[in-house]
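Colleague: I'm new to reading models, so could you show me one and explain the words you use?
Modeller: Sure, have a look.

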Amino acid sequence: MSGKVALVTGSGAGIGRAAALKFAEEGAKVIVSDVNIDGGDETVALVKQKGGDAVFARADVAHAADVEALVTKAVDTLASSTAPATTRALKVKLFRSPSSRRTTSIAS
Ligand SMILES: NC(=O)c1ccc[n+]([C@@H]2O[C@H](COP(=O)([O-])OP(=O)(O)OC[C@H]3O[C@@H](n4cnc5c(N)ncnc54)[C@H](O)[C@@H]3O)[C@@H](O)[C@H]2O)c1
């Protein structure tokens, strides 16, 4: 997943944290997002300890405006870490688990 950005909501603990660590292990830059700032910071630290790249962005996925801002951040992060956005087609895929209120997004 080198050159890709993974946005993982609810990644301040549990399954979301495990997903963030896996995306980083596979080479993606990870945007760790959660309502819990301490948990998010801890996940970022764990990613970096393992040699990965991650940043934290607080968001409550129950609020549409928070989610929209997160997706914008993911696209901006991808554009700034790769070729100029004007020369690339940016795709955003949204995955929402029916069993949770979480949305996982990947910009590629
Ligand atoms: N379908 C299944 O087989 C299955 C199995 C295990 C867990 N689950 C479900 O998956 C979910 C996650 O489980 P877990 O063990 O990782 O839970 P967890 O409590 O360890 O982690 C949940 C994370 O989500 C964050 N969070 C909660 N509400 C949020 C919101 N509105 N916006 C952003 N972040 C928010 C929390 O702060 C926490 O960091 C739970 O709902 C659980 O019931 C389903």
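What follows is a chat about the terms behind this predicted model.

Modeller: Residues are numbered from 1 along each chain as its sequence is written. Since the model is predicted, local features need pLDDT of at least 70, side-chain atom pairs count only at pLDDT 80 or more, and totals for chains, interfaces and linings use all residues.

Colleague: How do you know which parts the predictor trusts?
Modeller: By pLDDT, the predictor's confidence in each residue, from 0 to 100. The protein chain has a mean of 83, with 74% of its residues at 70 or more. Helix H2 (residues 37-49) has the highest confidence at 98, while strand S5 (residues 103-107) has the lowest, at a mean of 52. Over residues 83-90, pLDDT stays under 50.

Colleague: What makes something a helix or a strand here?
Modeller: They're DSSP runs, numbered from the N terminus: H or I with at least four residues for a helix, E with at least two for a strand. That gives three helices and five strands, in the order β-α-β-α-β-α-β-β.

Colleague: Why is S2 called mostly covered?
Modeller: A residue is buried if 20 or more other C-beta atoms lie within 10 Å of its own, exposed if 12 or fewer, and partly exposed in between, with C-beta atoms placed from the backbone. Six of the six residues in S2 are buried, so the label fits. Lys29, Ile31 and Ser33 point one way, and Val30, Val32 and Asp34 the other. In a regular strand the side chains alternate between the two faces of the sheet.

Colleague: How do you know that S1 and S2 pair?
Modeller: Pairing takes at least two bridges found by DSSP. S1 and S2 run parallel and have five bridges, so they pair. In one of these, valine 5 has lysine 29 as its partner.

Colleague: What makes a nonpolar core, and which residues touch the most other members of the largest one?
Modeller: It's a set of buried Ala, Val, Leu, Ile, Met, Phe, Trp, Tyr and Cys residues joined through C-beta atoms within 7 Å. The largest has 20 residues, and Ala20, Ala24, Val30 and Val32 touch the most other members. S1, H1, S2, H2, S3 and H3 each supply at least two of its residues.

Colleague: What does valine 30 touch?
Modeller: A contact means C-beta atoms, placed from the backbone, within 7 Å. Leaving out residues up to four places away in sequence, valine 30 touches Ala6, Val8, Ala20, Phe23, Ala24, Val47, Gly52 and Ala54.

Technical notes. Two residues are in contact if their C-beta atoms, placed from the backbone, lie within 7 Å.
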